[in-house]
Amino acid sequence: CLATHIQNTIRLLPNTEYHGLVNKSTVWVFGDQLNRQIGALRDAQPNTHRILIIESHLKIASRRWHVQRAHFIIASMRRFASELREAGFEVDYRFAESMQEGLRLHIEEFVPSKVIATEPNSYAARTLVSKLGVESVKSNQFLCHPDVYKEFQKGRKSLKMEDFYRFQRKRLNVLMDGDNPVGDRWNFDEENRSGPPKKDQDRWPKPEVVALDELDAEVLKDVSQFSWGVEPTGQWATTRAGALQRMNYFMQNLLPMFGEHEDAMLASNWHLAHSLLSPYLNLGLLLPEEVVAAASREFVLGRVPISSAEGFIRQIIGWREFIWNCYWQWMPDYAQMNSLEATRDLPQLFTNPDKTSMACMKSVLQGVNERSYSHHIERLMILGNFSLIAGINPQQLTEWMWNSYVDAAEWVMVPNVIGMSQYADGGMLSTKPYASGGAYVDRMSDHCKGCAYDRKKRVGEDACPFTVLYWDFFLRHEDRFVRNPRVARQVRAAQQLADRDDLQTTAVSIFSRLDNGLL
Ligand code: FAD
């Protein structure tokens with residue numbers, strides 16, 4: 001088989017000389033490791049190393065990607081190859097049927113003295129690299145390597161994000177005053193939960209947009225047959241310089257406002273004060289340490305309040321790194337978990353949102369179509385929440401999100417969907433299911449005003465699907481959740497509803513309309 005052939009070939013590679021020529025080593029760079037400072041590339045030199053980047057046809061054609069996501073990744077890879085060439089490297093940017101085939105052809109053509117890769121960011125790619133006998137270098141793309149995470153795990157019965165976050169603050173010495181947190185509090189989350197502001201809903205500076213060029217047009221030609229959604233508008237930068245510019249723009253214009261309305265959702269404003277930096281972090285165009293350093297600097301210079309700086313830094317060194325380590329701790333079985341036995345197929349409205357009368361779902365899903373992005377609370381409390389209470393299959397939701405979001409990657413998508421939003425892991429990541437009804441959506445957004453459904457109604461044709469399915473969810477799973485102290489109160493309240501039977505009849509009608517594309 002191809003893998004064994006490559007493994008044997010790698011084993012037999014001439015050490016440094018081949019036909020009298022001093023041979024270079026190959027650094028194999030994956031599409032989400034686009035940074036000179038990452039792992040094997042950090043020590044690579046043009047006179048001793050050659051770079052291999054593979055654009056695999058199988059990978060691109062394996063899904064129907066959102067066109068902005070496909071374009072973002074491929075354009076970033078091609079531009080990174082050009083940057084490496086400008087820095088003097090010989091780059092073999094190879095178009096191949098598969099990654100294995102690309103590597104085989106590269107070895108055949110260049111006979112490198114050895115092939116090195118930085119530990120890849122996905123379980124499948126790490127397995128491939130080790131199967132092929134490629135030497136791997138420890139990754140420094142994240143701030144807490146799984147080896148370091150083991151120190152955090154030692155002696156702990158439960159692994160809470162907040163404890164991990166404090167562990168990270170101390171070991172990385174971020175926002176610390178000796179052994180104490182700056183401002184005498186670890187967490188300013190309570191100040192960061194306001195709903196949408198009543199006035200001045202356009203207060204947040206608009207994100208920057210760049211003009212597209214010939215390379216973008218070329219990439220679009222290549223990916224259009226595998227993709228859907230609105231074509232790129234220049235929203236997502238595809239170089240490190242562009243990503244740095246976005247980071248600086250965020251630090252100067254939006255970080256001071258980050259936090260307060262972090263959980264709010266507005267139909268009229270898709271970005272609020274969110275950083276929009278996840279795509280760059282996930283591809284390596286930005287490194288987490290430089291983002292954290294920039295935010296800390298803004299705080300130290302007195303330009304940003306502690307609640308904003310802390311709130312943002314917690315997302316990066318806390319949530320992001322925690323999720324990364326959950327992935328490595330629990331994969332590969334984790335991705336297939338479905339503890340609530342949710343079997344409903346992903347409804348049509350996810351791919352065709354124009355027809356739904358649910359204002360919140362329509363707005364968020366249309367936003368995904370337009371930008372390949374929605375912010376955290378829209379992912380968790382609209383799309384995730386709806387899927388949870390409607391019993392949608394978590395693997396189908398993961399697939400859809402993976403295809404749809406510009407910042408998607410298995411390591412971050414799987415724990416966020418399977419664990420945080422769908423409770424499909426039975427509570428390994430989150431101690432309670434994130435289920436909410438129409439009252440929450442109304443408090444945190446401007447979607448309910450003017451919606452065809454009435455968020456206060458639990459019964460009848462115009463009852464809000466979020467409200468009805470929220471109660472129905474706790475009734476469907478009453479045995480499991482009545483034993484969970486964090487949500488037992490909701491289960492008991494559901495059991496005591498006077499209109500419980502009518503509510504459940506309404507739920508049946510909602511499911512039927514949902515499955516038939518009529519909700
Ligand atoms: P900001 O609000 O500005 O936050 C700053 C940064 O914090 C983000 O850029 C991100 O790097 C990090 N962050 C915050 N929360 C999380 C989290 N829960 N997990 C990991 N990183 C976090 N994030 C992805 O990067 N890719 C995904 O595929 C992805 N899928 C998600 C699916 C679901 C169902 C949920 C609930 C969350 C998902 N997230 C994902 C996490 C989060 O929603 C995004 O990181 C965030 O919305 C990106 O936008 P931003 O850069 O403007 O974030």
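Helices in these legends are DSSP runs of H or I covering at least four residues, numbered from the N terminus, and the model shown throughout is a predicted one.

**View 1. Helices contribute to the shell around the ligand.** Four helices, namely helix 11 (278-283), helix 13 (306-330), helix 15 (376-390) and helix 17 (410-421), each supply at least two residues of the shell around the ligand. The ligand is surrounded by 30 residues, and the closest are His-274, Ser-275, Leu-276, Asn-282 and Tyr-373. By residue class, the shell around the ligand divides into 17 nonpolar, 10 polar and 3 charged residues.

**View 2. Polar atoms of the protein lie close to nitrogen and oxygen atoms of the ligand.** A polar backbone atom of Leu-276 is 2.8 Å from an oxygen atom of the ligand, while a nitrogen atom of the ligand lies 3.0 Å from a backbone N or O atom of Asp-407. The side chain of Arg-379 also takes part, with an N or O atom 3.4 Å from a nitrogen atom of the ligand. The ligand taken alone exposes 820 Å², of which the protein buries 99%.

**View 3. An open sheet is built from 5 strands with parallel pairing.** The strands follow the order 6-4-3-7-8, and the edges are formed by strand 6 (90-96) and strand 8 (135-137), each of which pairs on one side only. From one strand to the next, the twist averages 30°. Strand 4 (residues 49-56) pairs with strand 6 in the parallel sense over 7 bridges, and within this pairing Ile-54 has Arg-94 of strand 6 as its bridge partner.

**View 4. Two loops that adjoin helix 14 (359-371) contain residues with notable backbone geometry.** In the loop between helix 13 and helix 14 is Pro-332, which is joined to Met-331 by a cis peptide bond with omega of about 5°. In the loop between helix 14 and helix 15 lies Ser-372, a residue other than glycine whose phi is nevertheless positive, near 65°.

**View 5. The whole protein, for orientation, comprises 22 helices and 11 strands.** Its C-alpha trace spans about 85 × 55 × 50 Å along the principal axes. The radius of gyration of the protein is 24 Å, which agrees with a compact globule, because a globule of this kind with 519 residues would have a value near 24 Å.

How values were computed: Residues are numbered from 1 along each chain as its sequence is written. This is a predicted model: local features need pLDDT of at least 70, side-chain atom pairs count only at pLDDT 80 or more; totals for chains, interfaces and linings use all residues. Side-chain values use heavy atoms; hydrogens and water are left out. Two strands pair if DSSP finds at least two bridges between them. Axes are lines fitted to C-alpha atoms, for helices over the stretch in contact, and angles run from 0 to 180 degrees between N-to-C directions. A residue is near a molecule or strand if one of its heavy atoms lies within 4 Å of it. A polar contact is a pair of N or O atoms within 3.5 Å; within protein, one must be able to donate a hydrogen and the other to accept it, and residues adjacent in sequence count only if both atoms are side-chain atoms. Accessible areas come from the Shrake-Rupley method with a 1.4 Å probe; for residues, only the protein chains shown count as cover. Ala, Val, Leu, Ile, Met, Phe, Trp, Tyr, Cys and Pro count as nonpolar, Asp, Glu, Lys and Arg as charged, and the others, Gly among them, as polar. The radius of gyration is taken over C-alpha atoms; the globule rule is 2.2 Å times the number of residues to the power 0.38.
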